[in-house]
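This report describes the packing of a protein chain, one of its strands and its principal pocket. The sequence and structure are shown first.

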Amino acid sequence: MTCFICVTCGTQFADGAREPERCPVCEDERQYVGRGGQRWTTLEALRATHRNRIEAEADELLGIGTEPAFAINERALLVHSPGGNLLWDCIALVDDDTVARVREAGGIRAIAISHPHYYSGMVEWSRAFGDVPILLHAADREWVMRDSSVIDYWDGETRMLWDDMTLVRCGGHFAGGTVAHVPHLHEGRGALLTGDVIQVAMDNRHVGFMRSFPNYIPLSARAVHGIATAVAPYRFDAIHGAWWGRSIAGDARAALARSVDRYVAALEGAYDGA
């Protein structure tokens, strides 16, 4: 039996004797099926052609991303924390070198993921580190293509972790769209890990919000205000997004506020005719 991986989105499917007929994650309006149709690979094939880059994003924060680029090409974040490390978001590739380097950095106590586009290789990552729990919001359970007993489907608006870290349901991109608040990062000024639930813009001074980034489907003003309200109680000076270089390293609360204002103004016609 083989674990097949969708080449377009990186989702791993339950072990089977043949390639799946379809990828529901890609067929959803937030994602897409590539122009060449649905294509598949395996973890073994991926290990033969790709490697993981691991480097510091900030103090106590490692980025882990695959090269050459694969699928959506997000990178995961490993949060170093006294009570155990948290892997935030996930990628498809896990191999012996990656496991060794992550173990050197303290290993993984649990995995938490922002939304279904980054479920990716979560079960293989969990297995590689001793079946650590995977924390997913229950509202997005339908998008899990490879279920496992290690998955902890949490419900509600927040999930407290160790060392005062918190998972916060923001909705928006997906019903269970989640960000992680890590208060000890950035010398105690705090950070949000957001995937693309709150997308760090190319100028690293603003953020954006979309139902679908590749298909250009915006969110409503109500949804965006809901995201801002969800994170308002938390102290943070930085936001770390889903890709290399997509971070706001200071004054991130102000960046979020002005980005919400700009986004809502655009929906209301501020740029008509410009």
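## Nonpolar cores

In this predicted model, the largest nonpolar core comprises 40 residues, of which Ile 64, Ile 108, Ile 113, Met 122, Trp 125, Ile 134 and Leu 136 touch the most other members. Two or more residues each come from strand E1 (4-6), helix H1 (24-27), strand E5 (76-79), helix H3 (96-104), helix H4 (122-128), strand E8 (134-137) and strand E9 (151-154). The greatest contribution is that of H4, which supplies three residues.

Beyond its neighbours within four places in sequence, Trp 125 is in contact with Asn 52, Ile 64, Leu 87, Cys 90, Ile 91, Leu 93, Val 94, Thr 98, Ile 108 and Ile 111. A second core, separate from the largest, has 23 residues, including Leu 192, Val 200, Phe 236 and Ile 239.

## Strand E13

Strand E13 spans residues 191-195, and five of its five residues are buried. In a regular strand, side chains alternate between the two faces of the sheet. In E13 both faces are covered, with Ala 191, Leu 193 and Gly 195 on one side and Leu 192 and Thr 194 on the other.

E13 pairs with strand E12 (residues 178-182) in the antiparallel sense over three bridges, and with strand E18 (residues 238-241) in parallel through four bridges. Leu 193 is the bridge partner of Ala 180 and also stands opposite His 240 in E18.

## Largest pocket

The largest pocket holds about 210 Å³ of space. It is lined by 15 residues, and Gln 31, Tyr 32, Ile 72, Pro 214 and Trp 243 are the closest to its centre. The lining consists of seven nonpolar, six polar and two charged residues.

Technical notes:
Residues are numbered from 1 along each chain as its sequence is written. This is a predicted model: local features need pLDDT of at least 70, side-chain atom pairs count only at pLDDT 80 or more; totals for chains, interfaces and linings use all residues. Side-chain values use heavy atoms; hydrogens and water are left out. Buried means under 20% relative accessible area, exposed over 50%, partly exposed in between (1.4 Å probe, protein chains only). Two strands pair if DSSP finds at least two bridges between them. On a 1 Å grid over the protein atoms alone, a cavity is a set of points where a 1.4 Å probe fits but cannot get out, and a pocket is an open set with protein on both sides within 12 Å along at least five of seven lines; lining residues have an atom within 4 Å of a point. Grid points are joined across faces, edges and corners, and a volume is the space filled by probe spheres set on the points. Ala, Val, Leu, Ile, Met, Phe, Trp, Tyr, Cys and Pro count as nonpolar, Asp, Glu, Lys and Arg as charged, and the others, Gly among them, as polar. A nonpolar core is a set of buried Ala, Val, Leu, Ile, Met, Phe, Trp, Tyr and Cys residues joined through side-chain atoms within 4.5 Å. Contact means heavy atoms within 4.5 Å.
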